[in-house]
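Please walk through the structure below and explain how its parts are held together. Running paragraphs will do.

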Amino acid sequence: MKNKLLKRIALTSLIFMSLNFSSNAFARNVDMQQGEILCFGADLNKIQEASLREYFKAPTDIEAIYVDKNVAIKQLGLPQNAYDDFTGGWYSSAYVKLTEKGSGINVTSNNLTLVTDGMLSNALITSGITDADIIASAPFAVTGESALAGIFEGAEKISGTELDPEGKQVAQEEVEVTLDIADTIGSTEATALINEVKAKVIEEAPKSTEEIEDMVTDAASKLDITVNDE
């Protein structure tokens, strides 16, 4: 278990590092226009959508888009058959507001059972969105993994700028890795660990999986987190 998790973190971090230092995905946010949009799950009924509009307290005339499997496949860089066996619906929704440069990421969520505020914040930063206010919710408890696709789609609609596709893929992988680690050490600790590792990757520019594994071990020690074989 420990070696498997370390290698997943390391591989994700290596991809993140290549984005940060070669394509400079974060710089794309400089050209993003400010604005706001609603992103609704395509399977919401009218009553559920109305309830979420009230919850988000968004302006009545705000533009709305709808997220289905095609949007998720496009935004998360998934294969075309990714949801062929999917039997659930699309309910996770979000109010996305791109804010002025330097304001940072603020995320609050409701009825998301797996993806935490911290996981969404980390993933948005990895994708290149560095200044935004996000409220994510659903009419009942859902995992929340599909909310990320809606946020990406909404941000691109607002700004007229396409986020780096590789950055979005890494952001999705980051959420999956964090969820895997959370099963072992808890959501708060997993999010903190990923954050610490990303900071070290930026600062030290490692060249191999082994170097990042050492960073993971050091970060875990610093945060007093134990990732053991159990």
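How many aromatic pairs does a search of the whole structure find? The model is a predicted one, and the search gives 7 aromatic pairs. A pair of aromatic rings is described by the distance of the centres and the angle of the planes. For F56 and Y95 the ring centres are 6.5 Å apart and the planes meet at 40°, so this pair is tilted. F56 belongs to helix α2 (residues 46-56) and Y95 to strand β3 (residues 93-98), so the contact between the rings ties together parts that lie 39 residues apart in sequence. F56 is buried, at 2% relative accessibility, and Y95 is buried as well, at 10%. Through ring pairs, F56 and Y95 form a cluster with Y55.

A further pair joins F86 and W90, with ring centres 5.2 Å apart and planes at 55°, so this pair is also classed as tilted. Its two members sit in unlike surroundings: F86 is partly exposed, with a relative accessible area of 39%, whereas W90 is buried at 8%.

The chain as a whole comes next. The protein chain contains 8 helices and 5 strands. Read from the N terminus, the order of elements is α-β-α-β-α-β-β-α-β-α-α-α-α. Of its 230 residues, 48% count as buried. Among contacts with a separation of 6 or more, 81% are made by residues 24 or more positions apart. The exposed area of the protein chain is about 11200 Å², and carbon and sulfur atoms supply 46% of that area.

In soluble globular proteins, nonpolar side chains tend to be buried together. Here the largest nonpolar core has 52 residues, and the residues with the most contacts inside it are V96, L120, L124, I129, L148, F152 and L193. Helix α6 (residues 165-185) supplies the largest share of this core, 7 residues. Apart from it lies another core, of 8 residues, including L38, L52, F56 and A58. F56 thus appears both in this second core and in the ring cluster with Y55 and Y95.

One of the residues with the most contacts in the largest core, L193, is also among the buried residues of helix α7. This helix covers residues 187-204, 18 residues in total, and reaches 26 Å from its first C-alpha to its last, close to the 26 Å expected. An α-helix has 3.6 residues a turn, so residues three or four places apart point the same way. The buried residues of α7 are A190, T191, L193, I194, E196, V197, K198, K200 and V201. Just after the helix, A205 takes a positive phi of about 50°.

A190, in helix α7, is buried, with a relative accessible area of 0%. Leaving aside neighbours within four places in sequence, A190 is in contact with T178, I181, A182 and I185. A190 and M119 lie 71 residues apart in sequence, while their C-alpha atoms are 8.9 Å apart in space.

Charged residues form links of their own. Side chains of opposite charge can pair when their charged atoms come close. The count of salt bridges in this model is 6. In one of them, the side chains of K74 and E153 meet at 3.5 Å, N to O. K74 is in helix α3 (residues 69-76) and E153 in helix α5 (residues 147-159), so the bridge ties together parts that are 79 residues apart in sequence. K74 is exposed at 51% relative accessible area, whereas E153 is buried at 12%.

Another salt bridge joins the side chains of E156 and K168, at 2.9 Å, N to O. This pair links helix α5, where E156 lies, with helix α6, where K168 lies, across 12 residues. Both partners are buried: E156 has a relative accessible area of 11%, and K168 is at 3%.

Is K200, which pairs with E204, buried or partly exposed? K200 counts as buried, at 18% relative accessibility, because the limit for buried is under 20%. Its partner E204 is partly exposed, at 45%. The closest N and O atoms of this salt bridge are 4.0 Å apart. Both residues lie in helix α7, 4 residues apart, so about one helical turn separates them.

How values were computed:
Residues numbered from 1 in each chain as written. Predicted model: local features only at pLDDT ≥ 70, side-chain atom pairs only at ≥ 80, totals over all residues. Heavy atoms only, no water. Helix = DSSP H or I, 4+ residues; strand = E, 2+ residues; numbered from the N terminus. Expected span 1.5 Å × (residues − 1). Buried < 20%, exposed > 50% of the residue type's maximum accessible area, 1.4 Å probe, protein only. Contact = heavy atoms within 4.5 Å. Areas by Shrake-Rupley, 256 points an atom, 1.4 Å probe, with all protein chains shown as cover. Core = buried A, V, L, I, M, F, W, Y, C linked by side-chain atoms within 4.5 Å. Phe/Tyr/Trp six-rings, centres within 6.5 Å; stacked < 30°, edge-to-face > 60°.
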